[in-house]
Amino acid sequence: MTKMQHGQEKQAMRKKKKKGKYKTAKVICIMLALLLLLFAGGWFYVDSLAYKVCRVEAGVKVEPSDFLKKPDETAFFTGESQPFHIAEPGEYHIEVKSGWFTHKCTLIIEDTIAPTCEPVPVKMEIGQTCGADAFVTNITDATAVTVEYAAEPDFTKAGGQTVQVVLTDKGNNMSVVEAELFLSPVVEDLTVEAGQGAPRPESFLISGKEVSFITEVDAFDYGRVGDYEVSLKVDGAVYTSRLHVADTMPPMAEVQDVEGFALVPRKAEEFIVGIEDATDVTADFLEEPDLSYVGTQEVIISFTDGGGNETQKTAQLTLFEDTEAPVISGAKDLQYFIGDTISYKKNISVTDNCPDGLVLEVDTAGVNLNEEGVYPITYTAKDLAGNATSVTVNLTVTPRMYSIEEVDALADAVLAEIITPEMTELEKVQAIYNWNIRHIAYINHSEKGDWVRAAYEGLADRKGDCYVYACTAKELLTRAGISNMDITKIPTRREHYWNLVDIGEGWYHFDTTPRTDHPRIFMWTDEELMEYSAMHYNSHNYDRSLYPEIN
């Protein structure tokens, strides 16, 4: 190979080598360009997944997913996020982690809504002051609100005035509200001690020249704790205050020792000698005494007045055992007539050294008041300690024997009350009629056939049916010297009895038995009675052949 050829070959190799390097650099540049394009595309993709800036109104809850264009419930704020509070307006730098990517965003919390509230009227004593916040309530805003006066009120001026209050939130939004301030020249509350009587009007006055009561404060009860509204006139204007009657002094009390038998109930009042206090005082045992304890024990009595003030006093309670049995007096054999009433304890008395809790029992288990015989009755007296005494007597039960002499005595006693010597025969009959209907109670049954018994039941027991009414009238008329006869209805399924009366003018019907339609069958003619009878199912139909002619 010639030098020329060698040089050409060497030159060709250099060109080939240079060309290879150029191709390599070109490939590298292409690859770098591709990587740059890929990175730029990825960046733009990630950047498109989230909002760079989020604006929210103060008070609105903020979640990580709010910053993402596609919701992701698993997203969260990273620890690199700037802490924020929804009630604090401002700009905050936030990082949101969602999947593989972390997004840097800006949160702007704004307050654009002015605060709201409700005005509150304020009543104060003249000379007192208060902050602007006393005039508003129920303030509503997402951020903190300051409350200030638009112009501070005059707290030295009595009466009412309008106050303007300005509310400003952290977004510098403002609201202005108006409220009423009333300044009273009298105290809002005045307290007097119970028992001291009514205060003077000047006691209520803070500012002013002339003051007088409108309310009659002397009518209040100063012996009882309570509150009263008081109206006063100050310099010609009317104001109100509240009077408190308070009891701050504890009661004064004096007690004494007590002795007695065990088991007897005890009250705190037994130990009290005297109490002094302006209000009513109640007294109670601090702890109930042991009433079964024989011996001396200490008792503490608590005295509490109307103001809740308490005083405690100590006394001694000495209890003795009761071993003495009661004594029964007046127990004797009894006589009883069948059909009468009986009181087993009448004329019976019981005495005991400890009368508290004394009990008298009567054992009548073996007595039959409807059957003739002699029956034992046992009286047993027992005291609280269990000491007992028993006495047994006999009760003799016999049929009742009715005598005309006994009935006459009862009738004469009634007549002595209702008849006077100057009465006419008609007035006497009328008095007897009135007594019967007013003093005998109607029952629908009585024993028939013994008019003396029936008259006794009317005069003594004062109850019965038509037979009793008629027989009682018969006895009273007879004892009064009035001519009379018995008369009966013609027998049917229902019987009826009444009277005939003659006061010198012939016979008249006389029926004192009460009826549902309340007729007054007094000195009725036969025609009057028959007319009534016909209208009432022949209530008084009778056999005329058995009686004299009736008017």
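Student: Does Lys474 count as buried or exposed, and why?

Tutor: Happy to start there, with a reminder that this is a predicted model, where local features need pLDDT of at least 70, side-chain atom pairs count only at pLDDT 80 or more, and totals for chains, interfaces and linings use all residues. Residues are numbered from 1 along each chain as its sequence is written, and side-chain values use heavy atoms, leaving out hydrogens and water. Buried means under 20% relative accessible area and exposed over 50%, with partly exposed in between (1.4 Å probe, protein chains only). Because its relative accessibility is 18%, Lys474 counts as buried.

Student: Which side chain makes a polar contact of 3.1 Å with that of Lys474?

Tutor: A polar contact is a pair of N or O atoms within 3.5 Å; within protein, one must be able to donate a hydrogen and the other to accept it, and residues adjacent in sequence count only if both atoms are side-chain atoms. At 3.1 Å, the partner of the Lys474 side chain is that of Asp486.

Student: Over which ring does the charged end of Arg400 sit?

Tutor: A charge sits over a ring if NZ of Lys or CZ of Arg is within 6 Å of the ring centre and within 35 degrees of the ring normal. For Arg400, the distance to the centre is 4.8 Å, and the ring belongs to Phe337.

Student: Which element gives the most to the largest nonpolar core?

Tutor: Such a core is a set of buried Ala, Val, Leu, Ile, Met, Phe, Trp, Tyr and Cys residues joined through side-chain atoms within 4.5 Å. The largest one has 35 residues, and Leu476 is among those with the most contacts inside it. Helices (H or I, at least four residues) and strands (E, at least two) are DSSP runs, numbered from the N terminus. With nine residues, the top contributor to this core is helix 5.
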